[in-house]
Amino acid sequence: MIKFDRLPPYYSHKQTGQPPISNNIKGALWALLATALFVLTTALAKIAATDYHILQILFFRQCFVFISALPVLLHSFPHGFKTKNPLQHAFRLTGSFIALSSGIWAVTVLPLTTATTLSFAKAFFVALLAAFFLGEALTRTRIFGILSGFSGVLVVMRPGLDGFASLYTLIPILGALGAAVALICVRKLSQTESTATLLAYQAIFIGFMSGLPMFWLWKTPDLYGSLLLATMGLTATIGQWTIIKALRLGEASIIGTIQYVALLYAALLGLVLFSELPDTFTLIGAAVIIFSALYMMQKEHRRKAAIKPT
């Protein structure tokens with residue numbers, strides 16, 4: 001097998017005069033690919049939703065994730081299923097199920113760019129929940145980031161005397177909250193649970209939660225539908241493993257900033273596949289959200305670096 005982690009001797013940086021590529025740059029490149037795959041998965045789900053129920057789409061997606069995780073699950077069985085924190089797993093799985101199903105639901109009723117922009121609210125929910133459940137300090141930087149970030153969300157949602165511009169804008173907000181709950185639970189569970197245990201519960205129970213309603217919602221896909229759903233599941237699975245590769249190579253703070261490139265991918269795919277153009281409010285709100293999140297992450301990174309023992 002050819003390995004691309006290192007250049008051959010005759011292409012070494014000493015001979016070419018170029019410095020070796022840092023792990024952060026490699027991680028960022030992998031993260032760019034993963035983000036593109038996730039947005040493509042969402043776009044394919046939007047297409048599939050015209051013929052299939054949201055939960056059937058999620059079920060197909062989860063089947064592929066389960067198959068990819070099967071070697072790890074079999075290797076860790078039965079120890080991978082032992083846990084002392086079933087309640088935390090229940091909260092995590094509920095949050096993940098809400099996030100995944102709401103993510104698909106949102107793009108069926110909203111433009112791809114709008115749904116993607118509102119999903120960025122997860123960063124502010126995480127900062128808020130971490131202060132209450134993980135004991136992380138609610139600094140002035142975080143308070144400013146949370147308040148300004150949610151102001152960007154409100155710009156996109158455009159609340160007025162008659163309510164929101166569209167009640168559908170609440171769907172990706174619900175998904176963002178679910179994703180934040182799942183992430184907070186993973187942070188807490190990762191202190192006592194193995195990666196295999198986290199993977200096992202995610203792979204099996206999300207599939208079960210989306211698969212159980214198939215007794216009533218199942219629609220047998222034709223050849224086109226099968227190819228579409230299979231492509232979506234495969235893209236999602238490759239994206240999952242690609243982001244893991246990115247996090248292994250690069251710092252989490254750097255990889256986290258890459259997620260906002262999803263907005264560019266969503267705008268491009270929305271235009272090409274669905275003839276969607278983001279409105280002015282979405283663009284302004286997206287700029288405020290991204291600025292707030294990046295400001296908060298940068299300040300937190302500097303604060304942690306300042307208190308790190310030398």
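**Exercise 1.** Which helices each supply at least two residues of the nonpolar patch? Use the predicted model.

Solution.
- List the members: Leu128, Phe132, Phe133, Leu138, Ile143 and Leu147 make a nonpolar surface patch of about 620 Å².
- Assign them to elements: helix H6 (122-133) and helix H7 (140-157) each contribute at least two residues.
- Weigh the contributions: the largest share, three residues, comes from H6.

**Exercise 2.** Classify Leu128 by its accessibility and place it in an element.

Solution.
- Leu128 belongs to helix H6.
- Its relative accessibility is 31%.
- Partly exposed covers the range between under 20% (buried) and over 50% (exposed).
- Leu128 is therefore partly exposed.

**Exercise 3.** State how many disulfides the structure holds, then classify Cys63 and Cys185 as buried, partly exposed or exposed.

Solution.
- A disulfide is a covalent bond joining the sulfur atoms of two cysteines.
- The count of disulfides in the structure is zero.
- Cys63 has 29% relative accessibility, so Cys63 counts as partly exposed.
- Cys185 has a relative accessible area of 12%, so Cys185 is buried.

**Exercise 4.** Describe the surroundings of Thr282: its helix, its accessibility class and its contacts.

Solution.
- Thr282 sits in helix H14, which spans residues 280-307.
- Buried means under 20% relative accessible area; Thr282 has 1% relative accessibility and therefore counts as buried.
- Leaving out residues up to four places away in sequence, Thr282 touches Thr113, Thr114, Thr117 and Val156.

How values were computed:
Residues numbered from 1 in each chain as written. Predicted model: local features only at pLDDT ≥ 70, side-chain atom pairs only at ≥ 80, totals over all residues. Heavy atoms only, no water. Patch = residues over 30% accessible without salt bridge, like charges linked within 9 Å, V, L, I, M, F, W, Y side chains within 5 Å. Areas by Shrake-Rupley, 256 points an atom, 1.4 Å probe, with all protein chains shown as cover. Salt bridge = Lys/Arg side-chain N within 4 Å of Asp/Glu carboxyl O. Helix = DSSP H or I, 4+ residues; strand = E, 2+ residues; numbered from the N terminus. Buried < 20%, exposed > 50% of the residue type's maximum accessible area, 1.4 Å probe, protein only. Disulfide = S-S within 2.5 Å. Contact = heavy atoms within 4.5 Å.
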